[in-house]
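These are my notebook entries on one structure. I set down what I looked up and what I found.

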Amino acid sequence: MKKILPVVMLCLLLPAVTTYSQQLKSAINDSLTSFKVFGVCDQCKQRIEGALKIKGVKNADWDVDTKILSVAYDATRISIDKIHNRVAAVGHDTYLKKANDAVYNALPKCCLYRSINNMDDFRGALPKADTLANKDTIAK
C-alpha cells in the first residue's frame with residue numbers, strides 16, 4: 001500500500017503540471033497590440049475582425065468610434081507586419097500599410113473612408129430626416 005500511494009500521487013500530479021507548463025508557455029508567447037485602422041461602420045468592423053480570424057491571432061476587436069484595433073496574438077506564429085497586411089488586404093488602411101486602391105474601391109459605398117476627413121463630415125453628408133420627409137411629400 002505504501003508503494004502504491006506515491007505512484008498514484010505522481011499519476012494525478014503529472015497532468016496538472018504538464019497543463020500548467022503549457023499554459024505558462026502560451027502566456028509567454030501571447031502579445032497584445034493596438035493601432036488605428038480606418039473604417040466607418042459595422043460592416044467595416046466585421047470585415048476587419050474577420051480578416052484576423054486566422055491561426056496565431058487569438059482575438060481581434062475593432063472599435064467603430066475610436067478606430068482602434070486591439071489584437072491578442074501569438075508572436076511565434078504571426079508578426080505584426082502580417083497582421084497589418086491582412087487588414088490592408090480587405091481594404092482598410094493602417095499606419096503601416098495602405099490598402100490597394102482596387103480593393104479599397106471595391107468596398108461598399110458606405111465604407112469608403114478616405115474621402116471622409118472626420119465623422120462630422122460623414123454625418124453632414126447624410127440627408128437630414130426632414131429633407132427625406134419633404135421628398136416623400138413632394139413625390140406624393
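Is Arg114 buried, partly exposed or exposed? I looked up its accessibility and found that Arg114 is partly exposed, because its relative accessible area is 28%. I note at the outset that this is a predicted model.

**Entry 1: Arg114 and its partner**

I next looked for charged groups around Arg114. Its side chain forms a salt bridge with Asp101, with 2.8 Å between the closest N and O atoms. Arg114 lies in the loop between helix 4 and helix 5 (119-125), whereas Asp101 belongs to helix 4, so the pair ties together parts that are 13 residues apart in sequence. I checked the accessibility of the partner as well: Asp101 counts as partly exposed, at 42%. I recall that side chains of opposite charge can pair when their charged atoms come close.

**Entry 2: the charged network**

How many salt bridges does the structure hold? I counted five. I then asked which residues are linked in a network of salt bridges, and found Lys45, Glu49 and Asp61.

I took the contacts of Lys45 in turn. The side chains of Lys45 and Glu49 meet in a salt bridge, at 2.7 Å from N to O. Both residues lie in helix 2 (residues 42-51), four residues apart, which is about one turn of the helix. Lys45 also meets Asp61 in a salt bridge, at 3.0 Å from N to O. Asp61 lies in strand 2 and Lys45 in helix 2, so this pair ties together parts that are 16 residues apart in sequence.

I compared the accessibility classes of the three residues. Glu49 counts as buried because its relative accessibility is 17%, under the 20% cut-off. Lys45 is partly exposed, with a relative accessible area of 22%. Asp61 counts as partly exposed at 39%.

**Entry 3: the sheet**

In what order do the strands of the sheet stand? I found an open sheet of three strands in the order 1-3-2, with antiparallel pairing. Strand 1 (30-36) and strand 2 stand at the edges with a single partner strand each, so one side of each is left without a neighbour in the sheet. The twist averages 10° from one strand to the next.

I looked up the bridges for each pair. Seven bridges join strand 1 to strand 3, and these strands run antiparallel. On this side I noted that Asp30 has Asp74 in strand 3 as its bridge partner. Strand 2 and strand 3, also antiparallel, are joined by five bridges. Here I noted Val57, which stands opposite Tyr73 in strand 3.

**Entry 4: helices against the sheet**

I then asked which helices lie against these strands. Helix 2 lies across strand 2 and strand 3, and runs at about 160° to strand 2. Helix 3 packs on the sheet and touches strand 1 and strand 3, its direction making about 130° with that of strand 3. I also checked the cover of strand 3: the strand is mostly covered, with five of its seven residues buried.

**Entry 5: the turn at Lys67**

Where does Lys67 lie? I placed Lys67 in the loop between strand 2 (57-62) and strand 3 (68-74). These two strands form a hairpin with five residues between them. I looked up the backbone angle in this turn, and phi of Lys67 is near 65°, a positive value in a residue other than glycine. For reference, most residues other than glycine have a negative phi. Lys67 is also buried, since its relative accessible area is 10%.

**Entry 6: a nonpolar surface patch**

Which residues make a nonpolar surface patch? I found Ile80, Tyr95 and Leu96, which together make a patch of about 310 Å². I followed up Leu96, which has its place in the loop between helix 3 (80-89) and helix 4 (101-105). Leu96 is partly exposed, with a relative accessible area of 48%.

Technical notes. Residues are numbered from 1 along each chain as its sequence is written. This is a predicted model: local features need pLDDT of at least 70, side-chain atom pairs count only at pLDDT 80 or more; totals for chains, interfaces and linings use all residues. Side-chain values use heavy atoms; hydrogens and water are left out. Patches are made of residues with over 30% relative accessible area and no salt bridge: like charges are joined within 9 Å, nonpolar side chains (Val, Leu, Ile, Met, Phe, Trp, Tyr) within 5 Å. Accessible areas come from the Shrake-Rupley method with a 1.4 Å probe; for residues, only the protein chains shown count as cover. A salt bridge is a side-chain nitrogen of Lys or Arg within 4 Å of a carboxyl oxygen of Asp or Glu. Buried means under 20% relative accessible area, exposed over 50%, partly exposed in between (1.4 Å probe, protein chains only). Two strands pair if DSSP finds at least two bridges between them. Axes are lines fitted to C-alpha atoms, for helices over the stretch in contact, and angles run from 0 to 180 degrees between N-to-C directions. Contact means heavy atoms within 4.5 Å.
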